[in-house]
Amino acid sequence: MPETDIRALVRTIPDYPKPGIMFRDITTLLGDAAGLTACVQQLAAPYADKNIDAVAGIEARGFILGGAIADRLGCGFVPIRKKGKLPGKAIGQDYELEYGVDVIEVHEDGIAKGERILLVDDLIATGGTAEAAVKLLRKLDAEIVAAAFVIDLPDLKGRERVEALGIECHTLIEFEGD
Ligand code: AMP
């Protein structure tokens, strides 16, 4: 069977959500059975023997991939959500957006000290979201083994930003520009 072309299954929508942005839409990839399997398999494979205790997925597309990766690794899943969405006691971390500040949160009891975590999102752009997620998980004394993304936008240097925090990054495909 020919290898699935993950890149060809990502749809690009120009000028969404605002002019100048090339939105890399993974719904077309998730909707393709072979594409979804290839993504989950390739994101999980390097960590199969790394004793991962939990996958932490970033809202919202990180939930879809993260849940499937956790199932494959035989570990739990922990959601990292936008402020105010988690029902239990949560801790937060702010990060800067182009205009203003946003906050992500995780349940205080979602991860125990020293647990080995694989961080998952669909795409890394500037790395601001992933950096905030790393800082948030470190507040719980988690050991972040790596961060895995389907898509890297290398021109925005997010990968370097996350690697500067001492976190290995695993990505499957790249697109030029932002
Ligand atoms: P950043 O914090 O700049 O690395 O942005 C990463 C987050 O924003 C991820 O959760 C992505 O889903 C989303 N994102 C940023 N840029 C794009 C893009 N060009 N296409 C699709 N999603 C994007």
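## Strand 5 and its hairpin

Strand 5 has two faces: Ile-91, Gln-93 and Tyr-95 are on the covered one, while Ala-90, Gly-92, Asp-94 and Glu-96 are on the uncovered one. This is a predicted model, in which local features need pLDDT of at least 70 and side-chain atom pairs count only at pLDDT 80 or more, while totals for chains, interfaces and linings use all residues. Residues are numbered from 1 along each chain as its sequence is written, and side-chain values use heavy atoms, with hydrogens and water left out. Helices (H or I, at least four residues) and strands (E, at least two) are DSSP runs, numbered from the N terminus.

Strand 5 runs antiparallel to strand 6 (residues 101-107), and seven bridges join them. Two strands count as paired if DSSP finds at least two bridges between them. Ile-91 stands opposite Val-106 in strand 6. The two strands, 5 and 6, make a hairpin with four residues between them. Gly-100 sits in that turn, with a positive phi of about 90°.

## The sheet

Strands of a sheet pair through backbone hydrogen bonds, either parallel or antiparallel. Here, seven strands form an open sheet with mixed pairing, in the order 5-6-4-3-7-8-9. Strand 5 (90-96) and strand 9 (169-174) are the edge strands, each pairing on one side only. From one strand to the next, the twist averages 20°. Axes are lines fitted to C-alpha atoms, for helices over the stretch in contact, and angles run from 0 to 180 degrees between N-to-C directions.

Strand 7 (residues 116-124) and strand 8 (residues 143-152) are a parallel pair with eight bridges. Within strand 8, Ala-147 is the bridge partner of Leu-119.

## Helices on the sheet

Helix 2 (residues 33-44) packs on the sheet and touches strand 8 and strand 9. Its direction makes about 150° with that of strand 9. Contact means heavy atoms within 4.5 Å.

Helix 3 (residues 61-73) lies across strand 3 (54-58), strand 4 (76-82), strand 7 and strand 8. It runs at about 140° to strand 7.

## Unusual backbone

Most residues other than glycine have a negative phi, and most peptide bonds are trans. Two peptide bonds to look at are cis. One joins Tyr-16 and Pro-17, with omega about 0°. Pro-17 is in the loop between strand 1 (11-14) and strand 2 (22-25). Another runs from Glu-59 to Ala-60, with omega near -5°. Ala-60 is in the loop between strand 3 and helix 3.

Asp-15 is not a glycine, yet has a positive phi of about 60°. It is found in the loop between strand 1 and strand 2. Asp-15 counts as partly exposed because its relative accessibility is 46%. Buried means under 20% relative accessible area, exposed over 50%, and partly exposed in between (1.4 Å probe, protein chains only). Asp-141 also has a positive phi of about 60° without being a glycine. Asp-141 is in the loop between helix 4 (128-139) and strand 8. At 43% relative accessibility, Asp-141 is partly exposed.

## Salt bridges

Side chains of opposite charge can pair when their charged atoms come close. The whole structure holds 11 salt bridges. Each is a side-chain nitrogen of Lys or Arg within 4 Å of a carboxyl oxygen of Asp or Glu.

Lys-89 and Glu-108 form one of them, at 3.6 Å from N to O. The pair links distant parts of the chain, 19 residues apart: Lys-89 is in the loop between strand 4 and strand 5, and Glu-108 in the loop between strand 6 and strand 7. Lys-89 is exposed at 63%, and Glu-108 is partly exposed at 35%. Glu-131 pairs with Arg-161, their closest N and O atoms being 3.1 Å apart. Glu-131 lies in helix 4 and Arg-161 in helix 5 (residues 158-163), so this salt bridge ties together parts that are 30 residues apart in sequence. Glu-131 is buried at 17%, whereas Arg-161 is partly exposed at 34%.

Arg-159 pairs with Asp-152, with 4.0 Å between the closest N and O atoms. Asp-152 is buried at 2% relative accessibility. Salt bridges that share partners also join Glu-131, Lys-135 and Arg-161 into one network.

## After strand 9

Glu-176 is in the segment after strand 9. It is exposed, with a relative accessible area of 70%. Leaving aside neighbours within four places in sequence, Glu-176 is in contact with Arg-24 and Asp-155. Glu-176 and Asp-152 are 8.8 Å apart in space, C-alpha to C-alpha, and 24 residues apart in sequence.
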